[in-house]
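Notebook open, model loaded. These are my entries in the order I looked things up.

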Amino acid sequence: MYAIADEDLERENEEKTSSVHFLRFELTSAMAAAVKSGAAVSLGVDHEHYRHAVQPLPATVRDSLAGDLS
């Protein structure tokens, strides 16, 4: 699954340019249920100039993310 960048949000105006960018993931209800049940979650970056993965995420991070799923 790949992240979706929220490119439709205004990032700059005459006074500032934001350095914060948001990504979202469209999980199926089954995927969300699995995360809420404690399934392992991994994530990574696959870019030609930067590749990195965390497999799996620490349980505390996974649990925090699971708390955001509704």
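**Serine 19.** I started with a plain question: is serine 19 buried or exposed? Serine 19 comes out at a relative accessible area of 67%, so I filed it as exposed, the cut-off being over 50%. I then checked where serine 19 sits, and its place is the loop between strand 1 and strand 2, the latter being residues 23-24. I also took a C-alpha distance from serine 19 to alanine 53: the two are 34 residues apart along the chain and separated by 23 Å.

**Confidence.** I should have written this down before anything else: the model is a predicted one. The average pLDDT for the chain is 88, and 93% of the residues score at least 70. I asked where in the chain confidence is lowest and where it is highest. The low end is strand 1 (residues 4-5) with a mean of 80, and the high end is helix 1 (residues 29-36) with 97. Note to self: coordinates should not be read in detail where pLDDT is low.

**Histidine 21.** I went back to the loop between strand 1 and strand 2, since histidine 21 has its place there. With 56% relative accessibility, histidine 21 is over the 50% cut-off and therefore exposed. From histidine 21 to glycine 67 I got 21 Å between C-alpha atoms, with the two positions 46 residues apart along the chain.

**Largest pocket.** Next I looked at empty space. The largest pocket holds about 880 Å³. It is lined by 23 residues, and the ones closest to its centre are Met1, Phe25, Val41, Ser42 and Leu43. I noted which elements give two or more residues to the lining: helix 1, strand 3 (43-47) and helix 2 (59-68). Which element has the largest share of the lining? Strand 3 does, with 5 residues. I sorted the lining by residue class as well and got 17 nonpolar, 3 polar and 3 charged.

**Salt bridges.** How many salt bridges does a search of the whole structure find? The search gives 3, and I went through them one at a time.

- Arginine 24 pairs with glutamate 26, and their closest N and O atoms are 2.8 Å apart. Arginine 24 has 34% relative accessibility, so I put it down as partly exposed. Glutamate 26, with a relative accessible area of 53%, is exposed.
- Aspartate 46 pairs with arginine 51, with 2.8 Å between the closest N and O atoms. Aspartate 46 is exposed at 59% relative accessibility, and arginine 51 is exposed too, its relative accessible area being 55%.
- Aspartate 63 pairs with arginine 62, and here the closest N and O atoms are 3.0 Å apart. Aspartate 63 is partly exposed, with a relative accessible area of 44%.

**Aspartate 46, again.** I wanted its place in the fold as well: aspartate 46 belongs to strand 3. I took a C-alpha distance to tyrosine 2 and got 9.8 Å, although aspartate 46 and tyrosine 2 are 44 residues apart in sequence.

**Arginine 62.** I had left one salt-bridge partner without an accessibility entry. Why do I call arginine 62 buried? Its relative accessible area is 14%, and the cut-off is under 20%, so arginine 62 counts as buried. Arginine 62 lies in helix 2. I listed its contacts, leaving aside neighbours within four places in sequence, and found Val35, Gly38, Ala39 and Val41. Val41 was already in my pocket entry, among the residues closest to the centre of the largest pocket.

**Threonine 60.** While in helix 2 I looked up threonine 60, which has its place there. Threonine 60 has a relative accessible area of 64%, so I marked it exposed. Its C-alpha is 20 Å from that of leucine 27, and the two residues are 33 apart in sequence.

**Proline 56.** Last lookup was backbone geometry. Is the peptide bond from glutamine 55 to proline 56 cis or trans? The bond is cis, with omega near -10 degrees. Proline 56 has its place in the loop between strand 4 (50-54) and helix 2.

Conventions: Residues are numbered from 1 along each chain as its sequence is written. This is a predicted model: local features need pLDDT of at least 70, side-chain atom pairs count only at pLDDT 80 or more; totals for chains, interfaces and linings use all residues. Side-chain values use heavy atoms; hydrogens and water are left out. pLDDT is the predictor's confidence in each residue, from 0 to 100. Helices (H or I, at least four residues) and strands (E, at least two) are DSSP runs, numbered from the N terminus. Buried means under 20% relative accessible area, exposed over 50%, partly exposed in between (1.4 Å probe, protein chains only). On a 1 Å grid over the protein atoms alone, a cavity is a set of points where a 1.4 Å probe fits but cannot get out, and a pocket is an open set with protein on both sides within 12 Å along at least five of seven lines; lining residues have an atom within 4 Å of a point. Grid points are joined across faces, edges and corners, and a volume is the space filled by probe spheres set on the points. Ala, Val, Leu, Ile, Met, Phe, Trp, Tyr, Cys and Pro count as nonpolar, Asp, Glu, Lys and Arg as charged, and the others, Gly among them, as polar. Contact means heavy atoms within 4.5 Å. A salt bridge is a side-chain nitrogen of Lys or Arg within 4 Å of a carboxyl oxygen of Asp or Glu.
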